[in-house]
Each structure stands twice: as C-alpha cells, then as structure tokens.
Amino acid sequence: MIDKKKINKAADPAHLTELEKEHVPVIEAPELVLTEQPFTVKVTVPHVMEQAHYIEWIKLSMRGRQLGEVKFSLSDTSAVAEFTVTIPEEVVAMKALEVCNIHGVNVCGDCGTKSVFTDLIALVGCNVHGLWEGFKHIEIMSKVQSTGKPCKWKD
Ligand SMILES: [Fe+2]
C-alpha cells in the first residue's frame, strides 16, 4: 500500500514551484462524460527521462478505484500515458461518488438522468523525488436519458 503522507501535491496550483512543475501530472480529459462510454484520459509529466532520474510509472484512479497504470522504461523519452476509461452505470446509480455540496446528486426533473462529480487522480513515481499527485474534476452523467431534451437539474 502507498503511504498517503508521502504523496507530494502542488501547494498552490496557480503558482507552481520548479520542482512541482516537473512532477505534478497534467490530466487531460473531458469535463463531462457518460457512463458506459469509453473516453480518453491523457496524463503528462514534464520531467526529464534520464538514466539517473526518470518517471517510473503513472497510475490513474477515481475514488480509490484504479483505472490503469503505465510503467516507463529507460528507452522512453517522455512520461506521457494514455488511458481508455469506461465508468460503469452503477457508479452513478449507487451514488458512490462525491455529490454536489448544495444539490446532492443532480437529478433531471424531466427525465431522471443523474449526474455526479468526482476527481480523476493521477499518481506519479519519480525515482529521485518520490510520489506526486494531480487531479482533474469531472462530471459523470448517466447514459440513461429518455427525453432527448437538455436536462434540468432540480434546485
Ligand atoms: Fe524527479
């Protein structure tokens, strides 16, 4: 198990230090995804890949659920990983994810479609500087939609 106390994070994401710029992973993913529909998550670490100092691996997870892992070798010239992620419908149905702090799980008043929020979390291992974490907030909507109209979230 990974000791969470040893994971480095950006102290102030708007003003990264040089060390943070080289290690905090940048996550590219859609802001809104549908359950059961595969989407691509690209994770980039702008770090050197040299024999004495390199990124060993990148892991992607969501609320403790591992979504994928890419290991790098010394022949890799950049630390970039692409993951194809599919979120099962029961994640939304079970309300297993973080919900809006004001509205709870968003439920469309017209069609009953549900939407929840979560963070994609990328964890990076540098052989010299240890563990680094970055995240991206995304919205997950149930693919079950019935009316074809834009959803109206209840207040
Ligand atoms: Fe490093």
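How many bridges join β3 to β10, and do these strands run parallel or antiparallel? The answer is that 3 bridges join β3 to β10, and the two strands run parallel. Good morning. The structure I present today is a predicted model, and I shall move from its overall plan to individual residues.

Let us begin with the plan. The protein has 2 helices and 10 strands. Read from the start of the sequence to its end, these elements follow the pattern β-α-β-β-β-β-β-β-α-β-β-β. Of the 155 residues in the protein, 39% are buried. Consider also the contacts between residues at least 6 apart in sequence: 60% of them join residues at least 24 apart.

I return now to β10. This strand is mostly covered, as 9 of its 12 residues are buried. In its pairing with β3, L32 stands opposite E139 of β10. Strand β1, which spans residues 7-8, is also joined to β10, by 2 bridges, and these strands run parallel. Here N8 stands opposite W132 in β10.

The next pair is β5, residues 55-62, and β6, residues 65-71. They run antiparallel and are joined by 6 bridges. One point to locate on the screen is W57, whose bridge partner in β6 is K71. The two strands form a hairpin, with 2 residues between them.

Please look at the turn of that hairpin. R63 lies in the loop between β5 and β6, and its phi is positive, at about 50°, although R63 is not a glycine. Most residues other than glycine have a negative phi. R63 has a relative accessible area of 52%; the cut-off for exposed is over 50%, so R63 counts as exposed.

A second residue invites the same attention. E36 lies in the loop between β3 and β4. It is not a glycine, yet E36 has a positive phi of about 65°. With a relative accessible area of 34%, E36 is partly exposed.

Let us turn to the aromatic rings. How many aromatic pairs does a search of the whole structure find? The search finds 0. A ring may nevertheless have a charged neighbour: the charged end of K59 sits over the ring of W57, 4.6 Å from the centre of that ring. This is the W57 that we met as the bridge partner of K71.

We come to the interior. In soluble globular proteins, nonpolar side chains tend to be buried together. In this model, the largest nonpolar core has 30 residues, and V41, I55 and I58 touch the most other members. The elements that give two or more residues to this core are β4, β5, β7, α2, β9 and β10. Among these, β9 supplies the largest share, 5 residues.

What does I58 touch, leaving aside residues up to four places away in sequence? Its contacts include V43, V45, V70, F72, A81, F83 and L123. G68 and E69 are also among the residues that I58 touches.

I now ask you to find the metal. Which residues coordinate the iron ion? They are H23, H47 and H53, each through NE2, together with C126 through SG and H129 through ND1, at 2.1 to 2.3 Å. Along the chain, the donors follow the spacing H-x23-H-x5-H-x72-C-x2-H.

Are H47 and H53 buried or exposed? Buried means under 20% relative accessible area. H47 has a relative accessibility of 8%, so it counts as buried. H53 has a relative accessible area of 16% and is therefore buried as well.

My last residue is V48. It is found in the loop between β4 and β5. At 37% relative accessibility, V48 counts as partly exposed. Leaving aside residues up to four places away in sequence, V48 touches H53, Y54 and I55. Two of these names have appeared before: H53 is a donor to the iron ion, and I55 belongs to the largest nonpolar core. V48 and S78 are 30 residues apart along the chain, and their C-alpha atoms are separated by 7.3 Å.

To conclude, I would ask you to keep three places in mind: the strand β10, which is mostly covered; the hairpin of β5 and β6, with R63 in its turn; and the iron ion, with H23, H47, H53, C126 and H129 as its donors. Thank you for your attention.

How values were computed:
Residues are numbered from 1 along each chain as its sequence is written. This is a predicted model: local features need pLDDT of at least 70, side-chain atom pairs count only at pLDDT 80 or more; totals for chains, interfaces and linings use all residues. Side-chain values use heavy atoms; hydrogens and water are left out. Two strands pair if DSSP finds at least two bridges between them. Helices (H or I, at least four residues) and strands (E, at least two) are DSSP runs, numbered from the N terminus. Rings of Phe, Tyr and Trp (its six-membered ring) pair if their centres lie within 6.5 Å; planes under 30 degrees apart count as stacked, over 60 as edge-to-face and the rest as tilted. A charge sits over a ring if NZ of Lys or CZ of Arg is within 6 Å of the ring centre and within 35 degrees of the ring normal. A nonpolar core is a set of buried Ala, Val, Leu, Ile, Met, Phe, Trp, Tyr and Cys residues joined through side-chain atoms within 4.5 Å. Buried means under 20% relative accessible area, exposed over 50%, partly exposed in between (1.4 Å probe, protein chains only). Contact means heavy atoms within 4.5 Å. Donors are N, O and S atoms within 2.8 Å of the metal (3.2 Å for Na, K and Ca); water is not among the atoms, so sites may look incomplete.
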